[in-house]
Protein chains: 2
Amino acid sequence: MKSLTRNYLKIGILGGGQLGWMMILEGRKYPFTFYVLDDPNTPGCRIADKCFPPEKYKEMIDEVDVVTFEFEHVLDKALEYAQEKEKLFPGINSVELKRERYKEKLYYKEHNLPTPRFLVAEDGEEALKILKEEFNGIGVLKESLGGYDGKGQYFIKGDVNKYENLKSKKVKFVVEEFVNFNYEASIIAMRDKNGNFKAYPPTFNYNEKGILVYNYGPLHDNRFEEIAKRLADSLNYVGTMGIEFFVRDGEILINEFAPRVHNTGHYTLDSAYISQFEQHIRAITGIELGSTELLTFGGMVNILGTDDVPPEVLRYGKVYWYGKPDVKKRRKMGHVNVIGKDLEEVKQKIDIIMKLIYKQGLDL
Amino acid sequence: MKSLTRNYLKIGILGGGQLGWMMILEGRKYPFTFYVLDDPNTPGCRIADKCFPPEKYKEMIDEVDVVTFEFEHVLDKALEYAQEKEKLFPGINSVELKRERYKEKLYYKEHNLPTPRFLVAEDGEEALKILKEEFNGIGVLKESLGGYDGKGQYFIKGDVNKYENLKSKKVKFVVEEFVNFNYEASIIAMRDKNGNFKAYPPTFNYNEKGILVYNYGPLHDNRFEEIAKRLADSLNYVGTMGIEFFVRDGEILINEFAPRVHNTGHYTLDSAYISQFEQHIRAITGIELGSTELLTFGGMVNILGTDDVPPEVLRYGKVYWYGKPDVKKRRKMGHVNVIGKDLEEVKQKIDIIMKLIYKQGLDL
């Protein structure tokens, strides 16, 4: 690249959710235009230079220089077409691992990446059998196909009989040990086209019913970054990724990874000089990655299933409202970024914000 | 305001330059839509929800809830119409001071705000006469009407005879003492609809031929903020403003103020938790102002009159490219924000960036 500012690339984003919305907002500082494949009333399409309905994926992909995705469960045909045209970053190999949970789990095993003990079952009946025989009836059954945000997951703690209905499910399952973790954590990492790797410091996360509620950091432990580098390198990954972990008695286990910018990296918009979104845009367009140093302690609270956020929240954090057309239970409507002089101050602000947003308690 | 996130305001911005562009980028986190009055290929219009050609100002102003401007030298009729509809923030009283330099200067005098010694001349002939008789032939002649970025200003250092051609100018002039300053500085301040006032710490500025080249800070001196508060209060100002100063032997003199977000506040996008642009959007929409604390030392370099920025610049700063349709001499094409652990580091990075962007030296 001779001149950064004569580099007039067109970037196509598959999916118009909040992750695409933030990619565009953070990518606007470069001489790029942003095309989005999704419905016109999605956050991403609302601020795109051009919005394409899903069926016009070929038209969009033909028109742009680089294709990325803000969510891995998008139109398979679009991902495949973009890959075929050699425009897709990260590549389709990362998405393939996410199409079926068992593939992702096997990949960790093959690459000697730490993950909770698991077995693969061909259907619901076998899954229940394995749970009883191999896990003493305590574990997690996960439908292998297309689950995210806690969908298709069953936490079974000895009461296997209550789940007899799963017997009739003719789909693959992952049967996993139940991890009685001390805490959950994640790391946001990125890798460019030349194989350069960087990562933000990890964060502590709090999930409820499979959805991230809040996170904060930094958490100091180099092992997360080492694992992230091995995973990213093995995939020849290009872009930003998020990896979620369980930490149990000092042992680190990968729960899952996401081949995209990640909810636990939203705090980088305010706590870091360069955000995870800008890093992703840099990586996929061939611009050198920026510093991942944090300027301050920080965190994030998700705004879930409500559009009623009292203005007082602004005294403790910075609100990002995605402008989705309607409110639904569990839907991510926005988030609040928090900064503080130490973890304690960040956690205190998160507590206050949680009470201000979820006056009646969190209902997921 | 009961809910921050159900506050679906439409904001109309007069002018589609980079200042409007950054207002929109920073305002997108709120549930607002942004309408811009300008040509469709301006930075602001390119990312607006709706763009209106200048002649349709009434239509736009009728449609929005709040009107602001990103530049004070915009269509007078639009400003007046918005004021008449009680939608204009900041109010037209601030703009009126900027229409003619002598009004601004007299305002400072009347309000006991420190400014270089000046006299008002009815035309060029009188201006030259005053310069000779009252200022010993050394001073600055400024055409009173509509000058900005150094336009219509004449720095005369004893060689009055060279400026005989100004004699024929039948316009008002301000004749001002030449200030042999130690340094230039500015402050970015804001005031909300309830009269609450805040300011960022001042910065050191470097201008050449009337155009800001770079600035950095913070500069610690409470007097700037006191002056800003008196000016903002006296105008019953609503929004962000920038005030430029000369500092001469410890004495602070207002050079001029701008009733809008300001070039010397761009560094707040990266050095502050809340930027000058977000503060402006908050002020004009009735949202409480945010903290003006800086997270780090910072600064900014303007990209003037070139679209050739080497990618190496990103190792020292963050590039904001406005995407203007064509390059012109002296035109502000973008800027580079810099952060550092102290002023020294920021200044070093600015020096490196200046050399990378202006390989042949600055040509303004």
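A residue is called buried when its relative accessible area is under 20%, exposed when it is over 50%, and partly exposed in between, using a 1.4 Å probe and protein chains only. Before we start, please note that this is a predicted model, in which local features need pLDDT of at least 70 and side-chain atom pairs count only at pLDDT 80 or more, while totals for chains, interfaces and linings use all residues. Residues are numbered from 1 along each chain as its sequence is written, chains are lettered from A and ligands numbered from 1 in the order in which they are written, and side-chain values use heavy atoms, with hydrogens and water left out.

Let us begin with salt bridges, meaning a side-chain nitrogen of Lys or Arg within 4 Å of a carboxyl oxygen of Asp or Glu. Over all chains, the structure holds 59 of them. One joins Lys162(B) to Asp159(B), with 3.5 Å between the closest N and O atoms. Lys162(B) is exposed, at a relative accessible area of 65%, whereas Asp159(B) is partly exposed at 27%. Another links Arg223(B) with Asp221(B) at 2.9 Å, N to O, and here Arg223(B) is partly exposed at 37%.

A further salt bridge sits within a helix. Helices (DSSP runs of H or I, at least four residues) and strands (runs of E, at least two) are numbered from the N terminus. Lys229(B) and Asp233(B) both belong to helix α8 (residues 222–235) of chain B and are 4 residues apart, about one turn of the helix. An α-helix has 3.6 residues a turn, so residues three or four places apart point the same way. The closest N and O atoms of Lys229(B) and Asp233(B) are 2.6 Å apart. Both residues are partly exposed, Lys229(B) at 36% and Asp233(B) at 29%. Salt bridges with shared partners also join Glu26(A), Lys29(A), Glu278(A), Arg282(A), Asp270(B) and Lys318(B) into one network.

Glu26(A) leads us to helix α1 (residues 18–27) of chain A, which is mostly covered, with 10 of its 10 residues buried. Among them are Trp21(A), Met22(A) and Glu26(A).

Now look at helix α8 (residues 223–235) of chain A. The expected span of a helix is 1.5 Å times one less than its number of residues. For the 13 residues of α8(A) this gives 18 Å, and the end C-alpha atoms are 19 Å apart, which agrees. Which residues of α8(A) are buried? They are Phe224(A), Ile227(A), Ala228(A), Leu231(A), Ala232(A) and Leu235(A). Seen down the axis, these fall within an arc of 130 degrees, so they line one face of the helix; the arc is that of the directions from the helix axis to the C-beta atoms. Just after α8(A), Asn236(A) takes a positive phi of about 50 degrees.

Our last stop is a sheet in chain B. Strands count as paired if DSSP finds at least two bridges between them. Here 4 strands form an open sheet in the order β3-β2-β1-β4, with parallel pairing. β3 (50–52) and β4 (66–69) of chain B stand at the edges with a single partner strand each, so one side of each has no neighbour in the sheet. The twist averages 25 degrees from one strand to the next, with axes fitted to C-alpha atoms and angles running from 0 to 180 degrees between N-to-C directions. In chain B, 5 bridges join β1 (residues 10–14) to β2 (residues 33–37), and Lys10(B) stands opposite Thr33(B) in β2(B).
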